Amino acid sequence: MRLPVMSRFPVEGDAEAMVAALDRYLRDPATATGFMVAELGGRSLFLFCLKGQTHSAGEAEGTRLSALPIEDFFQRLDGATRAHFVVTDLPLFLCTSVIFRKAPSAQIPSEILDGDTLLKHVRQTGKDAVVVVRRRDARNLVFCRGGEPVALYPAEGEEIAGSGDIADRILGYVYAEQGAIGDTTLDLYDQIAVGPAPGAGKAVWDYTIGGGGPDEEALTLVVRLGGRTVFHYPVRKAEITVGRGADNDLQLDNLSVSRNHARIRKHGDSLIVEDLGSQNGLKQAGKKIGTARLQPGDEVDLGRYTLVYPHYAPTSDQLVEAPKRRAAAEDPTMAISQKMVRPPVILTDDGERHLIRGLLFTMGKQPSANIRLSGLMVAPVHVRIRREADGSYSAEHVAGGRKLSINGVATKRATLKSGDELEVAGRRFRYTQD
């Protein structure tokens with residue numbers, strides 16, 4: 001994905017060198033506002049910094065953008081193949097950061113509604129807004145002050161000709177390339193207040209030491225608008241609120257959402273969603289409800305948004321589409337309880353035995369991990385071992401820069417066999433079944 005770039009500074013070296021470079025940029029007033037991009041294979045991690053302070057983070061995979069906890073940016077930095085720091089002015093900072101943290105209020109394919117009509121709508125609102133002109137992997141950004149376009153930032157490698165009115169230049173871009181009209185979409189963000197994300201403002205080295213992450217593995221909600229996944233939200237607290245107001249944990253900027261719309265609380269592996277007297281309420285299968293209990297695979301409508309609790313609650317580096325809910329007879333948990341006849345599974349680490357109990361066994365930095373790991377870029381939940389419906393066990397690399405290796409081969413996820421050797425963050429374990 002290509003974004004606008006004002007000044008780019010490549011960052012060389014390992015994760016510690018990247019953090020050191022970031023620290024230098026943030027201490028210099030000339031480079032104190034902008035964002036760092038770290039490349040990890042097919043995805044990119046973004047850290048947004050405002051006036052020398054960490055502000056928020058995001059992730060791009062292909063053309064999909066989503067918010068990311070700031071701690072996760074640093075915990076996954078060890079796996080980055082390269083990085084660079086982009087210096088911005090304040091409008092470009094706002095334009096870039098908002099598209100990772102907000103959902104557009106309107107998305108208009110250019111073949112059915114031209115850019116001039118969209119900009120007239122922005123002018124009528126009289127609001128500060130961001131317009132994104134998307135063409136294939138390019139994101140051209142327009143900042144509007146009080147409804148009037150005042151700054152245009154072409155994506156790197158894109159040319160938006162002319163020096164006159166911004167609206168005319170956008171229209172020229174939309175219609176200049178023969179055959180590109182169908183590839184161009186205009187997104188409008190008219191709710192662009194973005195305060196610092198949770199955990200913002202700390203010195204960059206503080207994110208790399210002492211735990212730095214959540215106390216427990218986060219359940220994750222996929223947030224959809226108009227059938228499109230706009231971002232995913234880790235539910236890291238026991239209870240969160242959802243609404244249009246800025247005081248909510250999960251803020252959804254759309255008039256179909258009440259200022260304080262719903263409360264979500266954890267209940268084991270479930271999420272309880274409760275309506276707070278909102279105007280449009282909650283709906284499941286088209287029926288209005290007061291409370292919903294979400295199991296993996298369930299979803300609930302909240303205004304124009306749909307909140308989905310996917311199977312296996314994806315973490316920040318693993319977004320999956322939620323399959324349809326299985327019938328009760330096919331529920332994996334029930335199948336496990338019926339089929340679990342194998343003997344206990346043991347991990348040995350330097351002679352110490354760890355009995356795997358329950359559905360999940362975790363290895364990482366968080367205090368509640370079954371096996372605690374340490375290291376600069378070890379994630380709170382680095383690797384997890386899951387009991388599958390057929391009674392087998394699988395190991396999965398969840399987060400963190402140092403990959404999981406099984407029998408000397410790096411892997412994202414694999415089914416375990418008795419005698420397998422696992423290497424996690426430099427430590428070796430043997431998986432056996434008694």
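The sulfur of Cys-144 has its closest cysteine sulfur in Cys-95, 8.1 Å away, which is too far for a bond. That sets the tone for the whole of this predicted model: a search of the structure turns up zero disulfides. What you do get is a pair of open sheets, one of six strands and one of five, plus a nonpolar core of 28 residues and another of 26.

**The cysteine pair**

- Seen from the other end, Cys-95 has Cys-144 as its closest cysteine partner, and the 8.1 Å between the sulfurs is too far for a bond.
- The cut-off for calling a disulfide is 2.5 Å between the sulfur atoms.
- Cys-144 is buried, at 0% relative accessible area.
- Cys-95 also counts as buried, with 0% relative accessibility.

**The six-stranded sheet**

- Reading across this open sheet, the order is S1-S6-S2-S3-S4-S5, and the pairing is antiparallel.
- S1 (7-11) and S5 (64-67) sit at the edges with a single partner strand each, so each has one side left without a neighbour in the sheet.
- On average, neighbouring strands here are turned by 25° against each other, direction ignored.
- Inside the sheet, S3 (residues 43-50) and S4 (residues 53-61) run antiparallel and share eight bridges; for instance, Phe-46 has Gly-58 in S4 as its bridge partner.
- Helix H1 (residues 15-27) packs on this sheet, touching S1, S2 (34-40), S3 and S6 (82-87), and its direction makes about 145° with that of S1.
- Helix H3 (residues 90-101) packs on the sheet too, with S2, S3, S4 and S5 as the strands it touches; the angle between its direction and that of S3 is about 135°.

**The nonpolar cores**

- The largest nonpolar core holds 28 residues, and the ones with the most contacts inside it are Leu-22, Ala-38, Leu-47, Phe-73, Phe-74 and Leu-77.
- Elements giving two or more residues to this core are H1, S2, S3, helix H2 (70-75) and S6.
- H1 supplies the largest share, seven residues.
- Take Leu-77: leaving out residues up to four places away in sequence, its contacts are Ala-15, Met-18, Val-19, Ala-38 and Met-377.
- Apart from the largest core lies another one, of 26 residues, including Ala-103, Leu-221, Phe-231 and Leu-302.
- As background, nonpolar side chains tend to be buried together in soluble globular proteins.

**The five-stranded sheet**

- This one is also open, but its pairing is mixed; the order is S15-S14-S16-S17-S20.
- S15 (250-251) and S20 (291-294) are the edge strands, each with a single partner, so one side of each has no neighbour in the sheet.
- S16 (residues 262-267) and S17 (residues 270-275) run antiparallel and are joined by six bridges.
- His-267 has Ser-270, in S17, as its bridge partner.

**His-261**

- His-261 lies in the loop between S15 and S16.
- Its relative accessible area is 0%, so it is buried.
- The His-261 side chain reaches the backbone nitrogen of Ser-258 at 3.0 Å.
- A second 3.0 Å link is a polar contact between the side chains of His-261 and Ser-278.
- Setting aside neighbours within four places in sequence, His-261 is in contact with residues including Val-242, Gly-243, Ser-256, Glu-274, Asp-275, Asn-280 and Leu-302.
- Leu-302, in that list, is also among the residues of the 26-residue core.

Terms used: Residues are numbered from 1 along each chain as its sequence is written. This is a predicted model: local features need pLDDT of at least 70, side-chain atom pairs count only at pLDDT 80 or more; totals for chains, interfaces and linings use all residues. Side-chain values use heavy atoms; hydrogens and water are left out. Two strands pair if DSSP finds at least two bridges between them. Helices (H or I, at least four residues) and strands (E, at least two) are DSSP runs, numbered from the N terminus. Axes are lines fitted to C-alpha atoms, for helices over the stretch in contact, and angles run from 0 to 180 degrees between N-to-C directions. Contact means heavy atoms within 4.5 Å. Buried means under 20% relative accessible area, exposed over 50%, partly exposed in between (1.4 Å probe, protein chains only). A polar contact is a pair of N or O atoms within 3.5 Å; within protein, one must be able to donate a hydrogen and the other to accept it, and residues adjacent in sequence count only if both atoms are side-chain atoms. A nonpolar core is a set of buried Ala, Val, Leu, Ile, Met, Phe, Trp, Tyr and Cys residues joined through side-chain atoms within 4.5 Å.
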